[in-house]
Amino acid sequence: ENIAAPANKSPIWGFAVCAAFAAPLMEALNYGGGGGWHFYGASSTGKSLALEVAASVFGPPKYKQTWNTTAGGVEVMAEAFNGLLLCLDELGEATASTVRKTIYSLSDGIGKASMTQDRQSRRRRTWNLLSLSVGEVSIEDKVAERNGTLRAGQALRIADIYAAHPDLKRDLPIEARQLKQSITKHYGTAGREFVIKLLEEMADDNNLRNQFDAIYKSMTKNIEDARRARAAERFALVRLA
């Protein structure tokens, strides 16, 4: 009533909620692809609110994290949000180098190997999660800041989505105000209830798998590029959620 109903009036907000629900499906479906999405565009497109709405599924406003960190800091966050949706705000605060490294590390699910001062191997951090990011510039433009080039594999790991696209943008000032008020009061409950219901669904392994396979097949029937088909798996998770 307080979050899902108003959020459902916007494709961006609705997608963000479902992306949060999609993360726990990874373990249920033995999905280890990782990756995520990045909403970009000028202010007043609803992208920042989308991130806050997604965060409210599992936690309070402070659940949302920031790009203003190092590659090592990203590993710490990734492990903490294992099995969940990692919400990253303000792409513009990150360096191009950090963004390039983060794209790979978040989807690969394993941290960098390192050693202590006495030459002992440190424990390597591991995770399996989805990520949702927002910023005024695209991932592609951010990587290009230092004369870098976004490779095809990187682009498919975190998909750039233009939030101001006519098919996505909605003028919903009343719903936006309602959501901004609601997310400070109503959070965490939906995510826990979803996991409880998911555990019941997992009693029949084939049910979830069959639903996912059917959705994935319908979404990729006209896709011939194998890389694009792999990227479509994440969207199929959201559709299933």
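**View A. Helix H2 passes helix H4 in a right-handed crossing.** This view comes from a predicted model. On the H2 side, the contact is made by Ile12, Trp13, Ala16, Val17 and Ala20. H4 contributes Leu49, Ala50, Val53 and Ala54. By class, the contact of H2 with H4 has nine nonpolar residues. No polar and no charged residues take part.

**View B. The axes of H2 and H4 lie 8 Å apart.** H2 covers residues 11–22, and H4 covers residues 47–56. The two helices pack at an angle of about 30°. Angles under 35 degrees count as roughly parallel, so H2 and H4 are roughly parallel to each other.

**View C. Five strands form an open, parallel sheet.** The strand order is E2-E3-E4-E1-E5. Strand E2 (65–66) and strand E5 (158–162) are the edge strands. Each of these two pairs on one side only. In general, strands of a sheet pair through backbone hydrogen bonds.

**View D. At one edge of the sheet, E2 meets strand E3.** Strand E3 spans residues 85–89. Two bridges join E2 to E3, and the two strands run parallel. Which residue of E3 is the bridge partner of Thr66? The partner is Asp89.

**View E. Helix H12 lies across three strands of the sheet.** H12 is formed by residues 226–240. The strands it lies across are E1 (36–40), E4 (130–135) and E5. H12 runs at about 85° to E1. Angles of 65 to 115 degrees count as roughly perpendicular, so H12 is roughly perpendicular to E1. E5, one of the strands under H12, is also an edge strand.

Notes
Residues numbered from 1 in each chain as written. Predicted model: local features only at pLDDT ≥ 70, side-chain atom pairs only at ≥ 80, totals over all residues. Heavy atoms only, no water. Pairing = 2+ DSSP bridges. Helix = DSSP H or I, 4+ residues; strand = E, 2+ residues; numbered from the N terminus. Contact = heavy atoms within 4.5 Å. Axes fitted to C-alpha atoms, helices over the stretch in contact; angles between N-to-C directions. Parallel < 35°, antiparallel > 145°, perpendicular 65-115°, else oblique. Left-handed = near helix turned anticlockwise from the far one by under 90°. Nonpolar A, V, L, I, M, F, W, Y, C, P; charged D, E, K, R; others polar.
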